[in-house]
Amino acid sequence: MKQFLLLILFVVGINFIYARHIKGGWIQYEYQGAGAAANISVYKITVYVFRDCSQTGPMPSSLGIYDAVTYAAVKTITGTTNSYTLLSNATKGTFDPCLSTPYPTICYLIYTYTTTVTLDDNTNGYIIAASDANRVSGIINISNSSSTGISFTATIPGTINSVDYHKNTSPFFAFKDTAVICYSSSFTYQFAATDVDGDSLSYALGDGINGTQTLSAPPYSSLTYSSGYNGTNPFGTNATIDPVTGLISGKASATTGEYVIAVYVTEWRNGIKINSTKKELQITVANCSLSAASLKTSYINCGNYTFTFQNESTASSITSYLWDFGTTPVTTSTNPSPTYAYPDTGTFTLKLTVANSGGCKDSATSTVKVYPGFTPSFVASGSCYQSPFQFTDNSYVKYGSISSWIWNFGDVSVTTDTSSLQNPSYQYSNPGTYTASLNITSTKGCTGTYNVTVTANNKPAITLPFKDTLICSIDSLPLIAQTSGTVVWTPNYNIINPTSNIPIVFPKDTTTYTVTVSDKGCIDSAKIKVNVLQFISVKFLSDTNMCKTDSITLNPVSYALSYVWKEVPNNNSLNNYSTKNPLASPPVTTTYYVKANLGYCQDSAHVTVYVAPYPQTTVSADTSICFGTRATLNASIVATSFSWSPTSTLINTNTLHPTAGPTKTTNYILTVKDTSYCPKSVSDTVTVTVIPIVTINAGNDTSVVANQPLQLTATGDTTLNYSWQPFNYFNNSFIYNPVATFSSADPDSVKLIVTATTKEGCSNSDYLWVKVFKMNPDILVPSGFTPNGDGRNDILKPILIGIKQLTYFNLYNRWGQMIYSTTTPDKGWDGNINGKEQPSGAYVYMAQGIDYLGNTIFRKGNFVLIR
């Protein structure tokens, strides 16, 4: 048998006894496995019938199974209902907290008819069918519903594209059929199903199927829908179904009552459509309302991108808000009244989701239009109230176009001062000031109003493009008066067409012409003065000069109104050859010729611009000197004169090689000039940086014991270069803190010199004396001192020989009281305690120090204070 790319199926059917109480249903089958004989399959078939809980009556009497291609009857099975279950939202706690009271009750008795059948493995497949003769009357979306029936169908696939699909279980619909739909409200209704074979499922709205009381073979006819309704639009409000999830959403009809809705779920296996199962249900649109989230029908902003939203519902106890502004990427807010600036123009879907304290979760959507660039505007032209004013729309609409104009001319004395034309005219009833308004609407929904104050005079408007002008005595001139009405020009002197809006005049002397305008009883006048010259002249005050690469404005003296320039040599050096004052940039000396015209009167002149290059100068590179030294500056010039500045620290300033001796860093400026045609000076600068005096301190004079190290430290900038002399005493004579060592053969006193030098070569020196003792390290204390202020022996202090550190120097009186203490070398006692002189007598000292080898030296003894 030849295979085709279409679904070839067999058909199964079930018959119901007369039952207006049936609300819908569907058929499911389950593949049970192979039969006892070859090429036989076993299926479990279940018919689910939804019946109104308030009705009673018999249930299915027969089930038909048919060949899906020939529609030949294969089996008819007669049986009764096996069981039923109750499905209702009236159970305690199941009502939607967002619904108004009284709560609409949804209740179904779901009757289940189950049977097991064995079928030959047929390449055509099968159709399973059950039917009922009569629906309830008054179904809103079905025409003459009481005369229509209902049929349930399911298909068992056969062979498709040479692939056998008969081992299949049809989808199973979830029992989520108690959702309440309130009239004129947004709703969602779930028709999701599952498939145990793992096939992909897709969902679509479709026609309900008619049925008869007597079970018959397929095909079956679709229901006849009422006007405005069909299978894909069962509520007449363009509700839609998600093809992936099976969720129906949209807005319910404004008419309450029952509606038939049919959902077809299609099985796809490896991209091949193998089966389609229909579930049909009569759904009630109830007289109820949802209260929680509410938005305006639409929002529009034609001025900018910013909106402020709020929940339009008066519902109380709302505990949370979630706004989705409809943008990509998604932008949200939890503010009860958010302000949001959209990133671009366009139409967006705004969604508000709220929850209240009663557990209600509700949402609402609206359209947001963002089309800035909408500016209503118009101009009104006219003057005299006895003539119509012209109103011209001057509005700007960036997006879309203007769809309507509503004018109100503000004439309160009449009721006919309106118009819907784009550019109307209107004659005011009386002179006065009026407020005219224009309201426009765009195709994007933008609307706005613009007002203009209109003055209706009892005089005509006269507009003159000029009121004072100049002509030559041999010329003529048109005068222009923009006005309406009758025009008369005076005096009638050397004028052509004195009753025209644009007469021609040719006065020989300066004349003032008056135009008088009469417009339907409104009269006004205006004046134009025509100044007359007998001839025209043009001249330049003198030739001029300039520096090369500069520009200069040419200034001819003339009353002419037009000019024509040329230049010799021609270098195209003017920025404009037909203006009075062009900008000239000649590369060389150039003569400019100009012709000046006032009408037919003409004159010419010329001016020479002498061009010379800028003077040139170059000075030597910046340099550095040590404080107290000098530097010679060098310069070269191409000029006739030069000058240096400042001169206070320069010698020989009248040469190009002066000597600079500044005490601080100084910028010397060389300015040169030329006596040729370039009047400007040129300058160059050289900087002489003065390195400050190098500060260095070799340290205090000191003493040391022969063959012991002496740590020296020069104070100053440690980044300088150092040198100690004589170098033979040091471990490193090129650092600021060397160690010196002296032998017993060295002089008793040695002068050490340290020199610090900057990177620029500036230097300074300092020295100290070192007394070399040819003995062991010791601490010596004089046996007495005389603190009488004569400058001799006034202080008692220790003499440190080869001591690196004085640990302490303590003095005691004869009662053992410590009267003085120090750890600083060269410090001592002046014979006073707290400013009070101590008596003459014997005292005790104790001293301790550390020599350069780290040994501790301790000395103790007596001394005498003598006054």
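This talk covers salt bridges, enclosed and open spaces, backbone features and a surface patch in a predicted model.

I shall begin with the salt bridges. The count for this structure comes to eight. One of these joins arginine 269 and aspartate 199, with their closest N and O atoms 2.8 Å apart. This pair brings together distant parts of the chain: arginine 269 belongs to strand E19, residues 257-269, whereas aspartate 199 sits in the loop between strand E15 (193-194) and E16, and the two are 70 residues apart. Are these two partners buried or exposed? Arginine 269 counts as buried, because its relative accessibility is 17% and the limit for that class is under 20%. Aspartate 199 has a relative accessibility of 9% and is therefore also classed as buried. The contact is part of a wider arrangement, since Asp197, Asp199 and Arg269 are linked in a network of salt bridges.

A second example is found further along the chain. Here the side chains of lysine 774 and aspartate 748 meet at 3.2 Å, N to O. Once more, distant parts of the chain are linked: lysine 774 is in the loop between E68 and strand E69 (778-780), aspartate 748 is in the loop between strand E66 (739-741) and E67, and 26 residues separate them. Lysine 774 is partly exposed, with 41% relative accessibility.

The third example is the salt bridge between glutamate 837 and arginine 867, whose N to O distance is 3.7 Å. Glutamate 837 lies in strand E75, residues 836-837, and arginine 867 in the segment after strand E77 (856-865), so this pair ties together parts 30 residues apart in sequence. Glutamate 837 counts as exposed at 54% relative accessibility, and arginine 867 as partly exposed at 42%.

I turn now to the spaces within the model. Rolling a probe the size of a water molecule over the atoms shows where empty space is left. How many cavities of 30 Å³ or more does a search of the whole structure find? The search finds one. The volume of the largest cavity is about 40 Å³. Its lining consists of Ser41, Tyr43, Leu119, Asp120, Asp121, Asn122, Gly125, Tyr126, Ile156, Pro157 and His166. Strands E3 (40-52), E7 (107-120) and E9 (150-157) are the elements that each give two or more residues to this lining. By character, the lining residues of the largest cavity comprise five nonpolar, four polar and two charged.

Among the pockets, I shall describe the second largest, which holds about 800 Å³ of space. It is lined by 30 residues, and the closest to its centre are Asp701, Thr702, Ser703, Pro825 and Asp826. Several strands give two or more residues to this lining, among them E62, E63, E68 (763-773) and E71 (799-801). Which element gives the largest share of the lining? That is E72, with four residues. The lining of the second largest pocket divides into 15 nonpolar, ten polar and five charged residues.

The backbone deserves a few remarks as well. There is a cis peptide bond from proline 218 to proline 219, with omega near 5°. Proline 219 is located in the loop between strand E16 (200-206) and strand E17 (240-241). Another cis bond runs from valine 568 to proline 569, where omega is near -5°. Proline 569 also has a loop position, between strand E48 (562-568) and strand E49 (583-584).

Two asparagines should be mentioned for their phi values. Asparagine 161 is not a glycine, yet its phi is positive, at about 55°. This residue is placed in the loop between strand E10 (159-160) and strand E11 (163-164), and it is partly exposed, with a relative accessible area of 30%. Asparagine 707 likewise has a positive phi, near 70°. Its loop connects strand E62 (702-705) and strand E63 (709-711). With a relative accessible area of 52%, asparagine 707 is exposed.

Finally, I come to the surface. Ile753, Tyr767 and Trp769 form a nonpolar patch there, and together they have about 290 Å² of accessible area. Isoleucine 753 belongs to strand E67, residues 749-757. The relative accessible area of isoleucine 753 is 33%, so this residue is partly exposed.

Key:
Residues are numbered from 1 along each chain as its sequence is written. This is a predicted model: local features need pLDDT of at least 70, side-chain atom pairs count only at pLDDT 80 or more; totals for chains, interfaces and linings use all residues. Side-chain values use heavy atoms; hydrogens and water are left out. Patches are made of residues with over 30% relative accessible area and no salt bridge: like charges are joined within 9 Å, nonpolar side chains (Val, Leu, Ile, Met, Phe, Trp, Tyr) within 5 Å. Accessible areas come from the Shrake-Rupley method with a 1.4 Å probe; for residues, only the protein chains shown count as cover. A salt bridge is a side-chain nitrogen of Lys or Arg within 4 Å of a carboxyl oxygen of Asp or Glu. Buried means under 20% relative accessible area, exposed over 50%, partly exposed in between (1.4 Å probe, protein chains only). On a 1 Å grid over the protein atoms alone, a cavity is a set of points where a 1.4 Å probe fits but cannot get out, and a pocket is an open set with protein on both sides within 12 Å along at least five of seven lines; lining residues have an atom within 4 Å of a point. Grid points are joined across faces, edges and corners, and a volume is the space filled by probe spheres set on the points. Ala, Val, Leu, Ile, Met, Phe, Trp, Tyr, Cys and Pro count as nonpolar, Asp, Glu, Lys and Arg as charged, and the others, Gly among them, as polar.
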